[in-house]
Structure formats: C-alpha cells, structure tokens
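Colleague: Please take a close look at one part of this model for me. I would like the helix packing and the enclosed space beside it, in one connected account.

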Amino acid sequence: MAAAAAPLPPAGGAPPGGAAGRAAAAAPGGPRAEGAEGLFVVLGAGLAAASHPLLYVKLLVQVGHEPLPPTVGRNVLGRKVLYLPGFFTYARHIVEVDGKRGLFRGLTPRLISSTLSTITRGSVKKAFPLEDMEHVSNKDDVKTSLRKVVKETSHEMMMQCVSRVVSHPLHVISMRCMVQFVGREVKYSGVFSAIGRIFKEEGILGFFVGLVPHILGDVIFLWCCNLLAHFINTYAVDDNFSQASVIRSYTKFVMGIAVSMLTYPFLLVGDLMAVNNCGLRAGLPPYAPAFTSWIHCWRYLSAQGQLFRGSSLLFRRAPMPATCFPID
C-alpha cells in the first residue's frame, strides 16, 4: 500500500492560495512568466467565447425575460409542477429568432473585458509581488498557516478588485448589448459607439453601475472560500492520512462551488443594475422599476423572492397555485 501511495505528487507543498497563490509563487518578470500571462489571456478569451451562450441565456433569465410558456412536468415525488424552459430550449429560441450568431450577441466587449481583467491581474501581480512564505500545514503551526492564508487572500483580493474596476465598463457594455434581445433594440451596436452613448447620457459613472455589488461578491467569495478551505484542511484532514494531499487539493474547489451559491445575489444585483434604466426595455417596467441604488434593487428582489433568479438553468420551477391542476 505504501508503494502505491508513493507516486502521488507532493500537492501539500503547493501554496494554499489556489491557482492565484501558485502563480504568485512563480518568479515575476521573466520570459516564462510573460509567456504564461499570454497563455492565460488566450485561455481566458477562449473560455469566455465558449461559455458566452450560457451567460447570454442566464442574463435574459436574470432580467425576467420569459418568452416561452412553462410546461407541465413531475418532480421526483410524482407531483405535477410547472417547469420554465431550460438552457437548451431557451438557446434554441434565440437561434430561431436571431440565428446561430445570435447566441454570441455582446461577445466582443466581453472578450475585451476578459482580456483587460487578465492583463490587469498580471500587471498588479508584478507591481506588488507576494513575498514567498514557507508552506505550513501542520496543526502545530496554525497561527503561521492562518497568517499565510490571510496574506495571500489579501493579495488576491487586491488583484481581483483592481481588475474588476478596469474591466467593468466593458462588462456593462456587454450586458446592455445582450439584453437588447428583449426589446429588439439596436441602441448599443458597437463598442466605440456604446462608449460614446453611455458617456453622453450617463457620464463617467455610467460605466460603473453595478460595480459595488460585484466587488462585494468577489471579496466575500475570496475570503469565505480561502478561510473555509484552510480550516477544513487544518482541522478536518489528518496529515497521517495517505491521501491527505489529494483531498486538500480539491477542498478549495468544492468550497468555491458552495460559496458561489451564497454570493450569487451580489452577481444578480450587479448585472441588473448594469442594464437598469438605461433606455432599454429590459431595464424598465414591467421587467424592473428604476432602482435608485443597488440596495434598492436587492430589497426589491428579496421582497419578490427572486434573489436567486437565474442561478439554475436546467430545472427551473415556475410559481404555481395549488389549484392549478386537478387532484389525480
């Protein structure tokens, strides 16, 4: 058994800061780091393009656009329920209206936003390098280990906040281009024309609507994910266990999924604020009132029980009165 466990890589020696922590541990400024940054830009752009139809459908669901009627189905208990169209049905509807290219509406500003975010993170990392600290995972060094996690998370938070501020204007443009599907508008037809229109109608602050909830969501996500992963790896995973390093390598990933659900309302509110009251049908009644602030938007969604609208795109249950169907 010991021989079988020997080939496993010493994952316990990796920084607990995840991918960002491992990248920060690399020597900055060298050709290898520059090549890696270019690779991250390409991979980020590719991932953004591949996932764009999913983000597009999610945004239309977030603003409350339901062009297709719900269908009757049964849950696991055999009871009749109403299901709203899932991702594939919704995407098929978009293709029927706009063709296959319609699934990529708003992609160009999103690619620019993704590229700016990646480049900014790399630039901040070079300007403010994180000092290397010896990896600590034993319970005897809990204070040292926690101090390391706090330092790495603070550094990661700074990179994320700066990159969010820099890329947010293009994010706003991308959101508004996509929600034009609702009212069939052509107000935002290009990146440069959209920049000029937003500046003319809303001023410089128009590029940063919805920024605060996005940053809050990012900060809460980073701290909760990193601290929870640290405490689980420290207190719940025994170093004597042969697969401890493997389990620790997946802890942060699992925590990320769980915490992302808790911070989803911040993402929803930020996206809704980006398109609210901007002259597009999706940002006006009956889809939403003109919000005075992101807190007003949060309270409105909370009162409607819609703070998690769009969090699931596969099994979407519609509100249904108890007398909607006859008793079998």
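Modeller: Here is a walk through one helix pair, the space beside it, and a second pair for reference.

This is a predicted model, where local features need pLDDT of at least 70, side-chain atom pairs count only at pLDDT 80 or more, and totals for chains, interfaces and linings use all residues. Residues are numbered from 1 along each chain as its sequence is written, and side-chain values use heavy atoms, with hydrogens and water left out.

Start with α10 (264–275) and α11 (294–304). Helices here are DSSP runs (H or I, at least four residues), numbered from the N terminus. α10 and α11 pack at an angle of about 120 degrees, with their axes 10 Å apart. Axes are lines fitted to C-alpha atoms over the stretch in contact, and angles run from 0 to 180 degrees between N-to-C directions. The crossing of α10 and α11 is right-handed, the near helix being turned clockwise from the far one by less than a right angle. From α10, the contact takes P265, F266, L268, V269, L272 and M273. From α11 come W294, C297, W298 and L301. Contact means heavy atoms within 4.5 Å. By class, this contact has 10 nonpolar, no polar and no charged residues. Ala, Val, Leu, Ile, Met, Phe, Trp, Tyr, Cys and Pro count as nonpolar, Asp, Glu, Lys and Arg as charged, and the others, Gly among them, as polar.

Now the loop between α10 and α11. P286 sits there. The peptide bond from P285 to P286 is cis, with omega near 10 degrees.

Next, the enclosed space. The model has 2 cavities of 30 Å³ or more. On a 1 Å grid over the protein atoms alone, a cavity is a set of points where a 1.4 Å probe fits but cannot get out, and lining residues have an atom within 4 Å of a point. Grid points are joined across faces, edges and corners, and a volume is the space filled by probe spheres set on the points. The largest cavity holds about 80 Å³. Its lining comprises V63, L272, V275, N276, A282, G283, Y287, A288, F291, Y300, L301 and R309. α10 and α11 are the elements that give two or more residues to this lining. The lining divides into 9 nonpolar, 2 polar and 1 charged residues.

For reference, take α8 (residues 211–236) and α9 (residues 244–262). Their angle is about 140 degrees, with axes 9 Å apart. α8 and α9 are therefore oblique to each other, as angles under 35 degrees count as roughly parallel, over 145 as roughly antiparallel, 65 to 115 as roughly perpendicular and the rest as oblique. Their crossing is right-handed. Contact residues include F221 and I232 of α8, and M255 and V259 of α9. By class, the contact of α8 with α9 has 8 nonpolar, 5 polar and 2 charged residues.

Definitions and conventions:
On a 1 Å grid over the protein atoms alone, a cavity is a set of points where a 1.4 Å probe fits but cannot get out, and a pocket is an open set with protein on both sides within 12 Å along at least five of seven lines; lining residues have an atom within 4 Å of a point.
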